[in-house]
Amino acid sequence: MVRSLPSFTNLFPLIALVVASGPAAFAGEPPHVQRFIRVGPLPGDVGSTLTAISGNGHRAAGISFDDRGGEYGFWWSQTTGVVPLRGAALGDRPSPMGLSFDGALITGGVFQGFESIDAAWWMVPGPSTANMMGEVDLEQPGSTEGLDMSADGSVIVGIADACTCDLASQAFRWTREGGMEGLGWFESDEAPFYSRAHAVNADGSVIVGVGEVDVDTNDDGIPDDRLRLAMRYTDRDGMENLGDLMGGRADSRAFDVTADGSLIVGAGTTAEGPEAFVWADGGIQTLGDLPGGIFGSEARGVSADGSVIVGFGEGPDGGEAVVWIDGAIHALRALVIEAGYDLDAHQFSLDAALDVSDDGRSIVGRGVQQGRDTGWIIRLAR
Ligand SMILES: [Ca+2]
Ligand SMILES: [Ca+2]
C-alpha cells in the first residue's frame, strides 16, 4: 500500500490553551538565572558535554573527551562532581543518555570496540558498573542504545540495531521483567525499516521518537522517497505518525514528552527551514527561532508540565542554547550574562540545551569554552 503524505494540522488556540493551563513555573515573569555551573571533563581529559539531567534536577550525565578523540561517560552531582561510569569490561566506553527522576538510575550504551554499542543501565552511586540489557530479536542483530527512562527507571526506551549505517533500526522498550521488546515501525512497503525512541513519559506509557514512511511523490503508484517523521507510541494506539509542520519538506522528529504524555516536543520542517514544535492531541504549533542569523531551531527537552521547553536556535552568531517559557524564546547565553556571569571573558558559548528537569528550573547542555567542548548547568530562579 502506498500512503499519501500525513495530514497537517495547525491549531494554535488549542495548544496555547494546553500550555497555559498547567501549573506554570514562571507564570508572567521573565526567566532569571540563579546559577551557572561549568561541568568540566574527568581528570586528565580535555572536553566534556552534558547529555541529560534527572527529573529532580540533582544529578546529570555526560561524556568526557580525551585528547585522542576517546569518549568516556560520567555522572555528576553538586556534591560529588564528575564520577566515571564503568563498562562491562576493561576498555569499554560508556555513553549515558537518560536518568530516572531521582538520578539513581542512568541508561545509555557501552561502546565495545569501534562499531558496536550495547544498551546498558547503571545504578549510582555505587560500583557504577554497567548492567547490560540484551538484544531485541531482529533479523540482523546489531547494536542497541538506551536513550531515556521512566521516572522510576522501570521502563527504558531506545534504539536497536543502531548500526553506524543508520538504515535499519527499531525503537525498543525494555523492562526488567519483560526484557527488550521491539516497538515496530510505521507501515512501510520495503525494507530497510527505521524507527527510534528518544523519550518516554513518567509512567512509561507514552514513547516518542522517529519513524519512517514511504511516499509516492509523483503519484505513479510507486513509492520513490522515504520520509522520517515524529512518532508517538502507546500500547493502545501503536506507533502513530505525528506529521510535520506545513511547508518545505516533510521531515520531523520528536525528542521529549511531558510527564503525563500529553505534550510532545521536537523539530519539524517549514518553508524557512528546521523549526522547533510542540505537539498536543490534534495540533502542532511552531515555536519560532531567535532573531538574526539563519533560520533554524530544535526543541530537545520539556519540563513535566510543558511550560518550559529547551533546545537551540540560530542567532546572529550561529547556534545558541535557548529556552521557551510559556511560548516565548530566550537565548540562555544572554540570560546568563544578565545574571553577572562574564561568558565573553571566559570565551564560553552555549551551543545547545539538551535536557531540563521536571520543574523546568535546571537545564543542561553542551557549550564550548576556549575552543573546547564544555558541559554546563543553568539553574533558573523561580
Ligand atoms: Ca514540512
Ligand atoms: Ca534566526
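**Notebook: strands, hairpins and backbone exceptions in a predicted model**

I began with the pairing of strand S23 (residues 308–315) and strand S24 (residues 318–325), which run antiparallel and are joined by eight bridges. Following the register across this pair, I found valine 310 standing opposite valine 323 in S24. Before going further I noted that this is a predicted model, with a mean pLDDT of 88 for the protein and 87% of its residues at 70 or more.

I then placed the pair in its sheet, which is open, has four strands in the order S22-S23-S24-S25, and pairs in the antiparallel sense. Its edges are strand S22 (297–302) and strand S25 (328–331), each of which pairs on one side only. From one strand to the next, the twist averages 30°.

In the loop between S24 and S25 I looked up aspartate 326, whose phi is positive, about 50°, although this residue is not a glycine. I marked it as worth recording because most residues other than glycine have a negative phi. Aspartate 326 has 19 C-beta neighbours inside 10 Å, and so it counts as partly exposed; the cut-off for buried is 20 or more.

Next I turned to the nonpolar core. Which residues touch the most other members of the largest nonpolar core? They are Phe277 and Leu332, in a core of 97 residues. For leucine 332 I listed the contacts beyond four places in sequence, and these are Ala321, Val322, Val323, Leu350, Ala353, Ile363 and Ile378. Val323, one of these contacts, is the residue I had already noted opposite valine 310.

For the whole protein, I counted two helices and 28 strands. Buried residues make up 50% of its 382 residues. Among contacts between residues at least 6 apart in sequence, 50% join residues at least 24 apart.

I moved to a second open sheet, again of four strands with antiparallel pairing, in the order S14-S15-S16-S17. S14 and strand S17 (238–241) are the edge strands, each pairing on one side only, and the twist averages 35° from one strand to the next. Is S14 (residues 195–200) enclosed or open to the outside? Six of its six residues are buried, so S14 is largely enclosed by the rest of the structure, even though it is an edge strand of this sheet.

S14 pairs with strand S15 (residues 207–215) in the antiparallel sense over five bridges, and the two form a hairpin with six residues between them. In that turn, glycine 204 has a positive phi of about 85°. I followed glycine 209 of S15 to both sides: alanine 197 stands opposite it, and in S16 its bridge partner is methionine 231. S15 and strand S16 (residues 225–234) run antiparallel and are joined by nine bridges.

The loop between S15 and S16 holds aspartate 219, which has a positive phi near 55° in a residue other than glycine. With 8 other C-beta atoms within 10 Å, aspartate 219 is exposed, whereas aspartate 326 is partly exposed.

I looked at another hairpin, that of strand S6 (residues 93–99) and strand S7 (residues 105–112), which run antiparallel and are joined by six bridges. Serine 95 stands opposite glycine 109 in S7. There are five residues between the strands, and glycine 103 takes a positive phi near 75°. Six of the seven residues of S6 are buried, so S6 is largely enclosed by the rest of the structure.

From there I went to glycine 153, in the loop between strand S10 (144–149) and strand S11 (155–160). Beyond four places in sequence, glycine 153 is in contact with Ser100 and Leu105, and Leu105 falls within the range of S7. Having 21 C-beta neighbours inside 10 Å, glycine 153 counts as buried. Its C-alpha atom is separated by 9.1 Å from that of alanine 202, 49 residues apart along the chain.

I also checked the peptide bonds and recorded a cis bond joining valine 124 and proline 125, with omega about -10°. Proline 125 lies in the loop between strand S8 (116–123) and strand S9 (131–132).

I closed with the N-terminal stretch, residues 1–24, where pLDDT stays under 50. The model has 44 contacts beyond four places in sequence for these residues. I left those contacts uninterpreted, because predicted coordinates should not be read in detail where pLDDT is low.

Technical notes. Residues numbered from 1 in each chain as written. Chains lettered and ligands numbered in written order. Predicted model: local features only at pLDDT ≥ 70, side-chain atom pairs only at ≥ 80, totals over all residues. Core = buried A, V, L, I, M, F, W, Y, C linked by C-beta atoms within 7 Å. Buried ≥ 20, exposed ≤ 12 C-beta atoms within 10 Å, placed from the backbone. Contact = placed C-beta atoms within 7 Å. Pairing = 2+ DSSP bridges. Axes fitted to C-alpha atoms, helices over the stretch in contact; angles between N-to-C directions. pLDDT = per-residue confidence, 0-100.
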